[in-house]
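Visitor: Could you walk me through this structure and explain the words you use for it?
Guide: Happily, let's look together.

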Amino acid sequence: MRLYLAPLEGITNYIYRRALFQCFDGFDKYFIPFIRAKQNLNFSGREKKDISPENNAGMYTVPQILTRNAEDFLRTASQLQEYGYQEVNLNLGCPSKTVVTKGCGAGFLERPEELERFLDKIFSGTEMKISVKTRLGMEDAKGFSRLMKIYNRFPMEELIIHPRVQKDFYKNTPDLEMFGEALVCSQNPICYNGDIFSPDAFRRIKDRFPEVECFMMGRGVLADPSLALEIKGGKAAEKTDIRKFHDLLYHTYREEVSGDRNVLFKMKELWFYLAPMFEDSKKYAKKIKKSEKCAVYESAVNELFANCRYTGVQKQ
Ligand SMILES: Cc1cc2nc3c(=O)[nH]c(=O)nc-3n(C[C@H](O)[C@H](O)[C@H](O)COP(=O)(O)O)c2cc1C
């Protein structure tokens with residue numbers, strides 16, 4: 001069985017991934033949030049830091065590319081190869097309006113003929129391993145069996161399925177029926193992704209689809225960074241482990257990001273997922289959210305850790 005960290009744009013950057021790896025680990029692959037493949041453009045400073053081998057030492061990392069232009073994909077893939085990467089992932093799931101209106105991410109799923117031509121070009125244009133991360137469609141899953149026929153024509157490293165449609169964003173529940181149908185007809189190895197928020201949730205999916213060997217998790221890990229370890233039979237995080245992880249993350253952000261506002265923006269995003277794991281944490285979470293200076297933030301965090309019990313359980 002293999003467990004993957006999902007790419008979460010703006011959150012699971014190299015600073016987060018490194019802290020997660022150092023404090024908990026448990027993942028077989030760490031996916032890097034999407035890089036937009038742009039015409040004639042090199043990586044931005046932020047992207048360079050995110051992909052640089054020193055910042056990803058010890059982890060098997062897979063960068064993700066977002067584009068509908070095969071030449072841009074291939075050029076970006078070959079630049080990534082120069083950094084030492086052997087494997088890239090194609091984003092066919094991003095539900096954001098600005099992305100789908102350009103026909104990228106989940107928006108590409110509505111253009112099956114163009115998508116097939118694109119896949120033809122990228123699979124014949126590089127010897128790198130290519131995996132694909134897909135949703136079921138835009139409005140509904142009616143076109144997914146056609147997409148599966150297309151996917152079956154290409155030798156993917158794996159096909160990661162998040163069984164929601166674009167319209168769902170992250171609401172509603174994953175369509176397990178449709179996932180099951182895809183599993184039966186797929187020629188490629190399948191990875192399941194969606195709403196694994198606890199070892200129990202993992203077991204439910206694994207029991208229903210025992211042949212699936214590979215699972216990707218995102219938001220569940222933000223709330224419980226020891227989730228992968230627990231699933232693999234390891235020890236669940238205790239409050240002291242979470243504190244250590246928090247402090248490592250916070251201090252690295254302070255070293256690498258300039259200005260209290262930017263540091264706190266990152267930390268507040270994380271607390272959105274982390275705070276509900278603590279009992280009666282609302283009051284302190286509000287203080288964290290309102291803090292504009294690091295000193296205020298630190299005292300709010302200290303109060304939360306001092307006064308709230310860490311439950312380790314996510315509300316679903
Ligand atoms: C804040 C946020 C950012 C995300 N960024 C990406 C991304 O860069 N690439 C991608 O393929 N999916 C992205 N996703 C989707 C996740 O990778 C994942 O498919 C989704 O959250 C479902 O898995 P989960 O229920 O385990 O979180 C993002 C999701 C969220 C909530």
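Guide: Let's begin with a term: buried means under 20% relative accessible area, exposed over 50%, and partly exposed in between, using a 1.4 Å probe and protein chains only. This is a predicted model, where local features need pLDDT of at least 70, side-chain atom pairs count only at pLDDT 80 or more, and totals for chains, interfaces and linings use all residues. Residues are numbered from 1 along each chain as its sequence is written, and side-chain values use heavy atoms, leaving out hydrogens and water.

Visitor: Why is C294 called buried?
Guide: Its relative accessible area is 1%, and buried means under 20%, so C294 belongs in that class.

Visitor: What makes C185 count as partly exposed?
Guide: C185 has 34% relative accessibility, which lies between the 20% and 50% limits, so partly exposed is the right label.

Visitor: How do you know that C185 is in no disulfide?
Guide: A disulfide is a pair of cysteine sulfur atoms within 2.5 Å. A search of the whole structure finds zero disulfides. For C185, the nearest cysteine sulfur, in C191, is 16 Å away.

Visitor: And why has C294 no such bond?
Guide: The closest cysteine sulfur, in C23, is 19 Å from that of C294, so the two are too far apart for a bond.

Visitor: What makes strand β5 largely enclosed?
Guide: Strands (E, at least two residues) are DSSP runs, numbered from the N terminus. Five of the six residues of β5 (residues 129-134) are buried, so the rest of the structure largely encloses this strand.

Notes
Helices (H or I, at least four residues) and strands (E, at least two) are DSSP runs, numbered from the N terminus.
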